[in-house]
Amino acid sequence: MSLHQVSEIASGYEQLPKPRATFDNRFGERKKIYEVLEDRDTTIVLQDDPLESTMVLNMGPQHPATHGVLRVVLKLDGETVLSAVPELGYLHRAMEKLAENKTYHEFMPYTDRLDYMSPYSNNTALCLAVEKLGDIKVPPRAVYIRTIMCELARISSHLLWLGTMVMDTGAVSMFLWTFEEREHIYNMFDMLTGARFTISHCRVGGVASDFSSEMVNYMTGWLKEFKKRIPEWRMMLDRNRIFIERMEGIGVISKADALDLGLTGPNLRASGVAMDVRKDEPYLAYPELNFKVPIFENGDCYARYLVRMEEMEESVKLLEQALKKLPKGDVRTDNAKVSYPWKSEIYHSMEALIHDFMMTHEGIQMPKGEIYHAIEAPKGELGFYLQSDGSGYPWRLKIRSPSFCNLQALPHLVEGGMIADVVVSIGSLDPVMGEADK
Amino acid sequence: MSISFDEFSAHFSNEIREKTTFRGETTFLINPLEIERVCIFLKSKLGFTYLTDICGADRFTPEDRFEVVYNLFNPESKFRLRLKVWVNEENPVVQTVTSVWQSANWYERETYDMYGVIFKGHPDLRRMYMTEDFEYFPLRKEYPLVGVAGSIPLPEIDPKANNREAAERYNRGETV
């Protein structure tokens, strides 16, 4: 196929700058790049190394949340890591490009697929950003529903982290126990939204559906049981000799380095920095609820474990308070210009049908401007930077994803350590590649 | 939760082109080659020790086509600030801020990967997501949503080979 034929296939291709390599010599160029890459990864380096002890190793996917898409190239001297280079890009799905070509509502299901361990937080983050841009007020009941579901998402995410973390250090049964609890959380999502995993429940101006009494009963019952589980697990792990030997003093990062390298979320708080968006810039119902942010000073894997365990305990407290305070009322703004009308309304009202159609087709008309809004997702600060040109589509939507920021500190954590600790260090950062690669 | 920018504005009166406020968020437009100096001042004097994000945007104008957006955060006073620089399409060069915040390294690489903005003095300006030989910048507005056919070629195989293994051997430079 020649270059000419290609340009006929892709419309818009002619406007792009002409590539440096022609179609014919590109294969040659590509082969050269591959040779360099293979060389870098597999050749034993002989400089200043008479015993040939330095080797380069590709660290494969070992953490269930990095399945197949995180590659860490390690340079080893025996079992000591000399340098580490994380490589991303295998899962790149062009989320931000898609966002520019979708209305704000249309993009919402895509955010489920970012951090797929806690889809509700991502939905909420996008909706809050759009509401800030459009200055839209949300009814208090919807605010509380979002808060409760976000905290459930946090517990669910930390549970997965706990199970896989303990599995990384060599124990498997914990993984099964945490998944049992996650199953209950998914049941609750199922009762509220009709979907277990990718739920897309938030709407601009509120949420899609209200709590059922069945769901609230299920949640109160589950909370009672779950409250007993956490101390049981902590009794087993907190002073476990093997667990502490694997975790303590591994992957240490100081307070100043953590700030400088852009760590975020529980990883940053384990290094002694008191940064939590829930306290710093209160959103949703957090200013009305009483909770504390766990801070630890050590900055090692064990501190990151303790932070997440205490966060789960705090989340339970938050859930109990929020359920008690849950206000009555509507769950979506009654303004057809900014929010979808109810389905039942559409069946008998022409106006509602028109609004529903316009909202689906044109999107919500947003004012011209730019904003940044962040929430505290389970992994850290999840922010959306929106540029609006006054239409129903975002001109630019940038996802500031916590996993991406956390992974950047990985070389700092593992360099100088042992190769067996690399597994634990990656696990302790809790990366989700759907978010890091976007 | 507010910081007085009088001193800052007076100190950098030549570098600041514009100041805008929208929904309580302040944005400064800075000259692209002075951004490092401005950032050093903001970090050391005004306490913006945490760099939240760097991202690019395509304004799709004949002049000053691309912009680079810096979201900063002050952990002490919990204040957010945004800086912006505009660069030309022909010569999209911005001074790097990796010497100010180490975390700028990956954010700048991502911006380069998506928009082709070159960060002067960056220690490791490689592609972040796309392959090394991908020659386009996918978040530019003229890049088609469906992609460009043939922009990432499949590995070539030997047309004469009669089985898959032999065909792949050709790909490694061996003759059948």
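Trainee: Which residues of chain B line the largest cavity?
Mentor: In this predicted model, local features need pLDDT of at least 70 and side-chain atom pairs pLDDT 80 or more, while totals for chains, interfaces and linings use all residues; side-chain values use heavy atoms, without hydrogens and water. Residues are numbered from 1 along each chain as its sequence is written, with chains lettered from A and ligands numbered from 1 in the order written. A cavity is a set of points on a 1 Å grid over the protein atoms alone where a 1.4 Å probe fits but cannot get out, and lining residues have an atom within 4 Å of a point. Chain A gives residues including A:His92 and A:Lys438, and chain B gives B:Glu110, B:Met114, B:Tyr129, B:Pro138 and B:Leu139.

Trainee: Which element gives the largest share of that lining?
Mentor: Helices here are DSSP runs (H or I, at least four residues), as are strands (E, at least two), numbered from the N terminus. Two elements give two or more residues to the lining of the largest cavity, α3 (95-100) of chain A and α3 (104-115) of chain B. The largest share, three residues, comes from α3(A).

Trainee: Which strands stand at the edges of the open sheet in chain A?
Mentor: Strands pair if DSSP finds at least two bridges between them, and this sheet has the order β6-β7-β8 with antiparallel pairing. An edge strand has a single partner, so one side of it is left without a neighbour in the sheet. That describes β6 (369-377) and β8 (394-400) of chain A.

Trainee: And which residue stands opposite A:Gly383?
Mentor: Six bridges join β7 (380-388) of chain A to β8(A), and the two run antiparallel. Opposite A:Gly383, in β8(A), stands A:Arg400.

Definitions and conventions
On a 1 Å grid over the protein atoms alone, a cavity is a set of points where a 1.4 Å probe fits but cannot get out, and a pocket is an open set with protein on both sides within 12 Å along at least five of seven lines; lining residues have an atom within 4 Å of a point.
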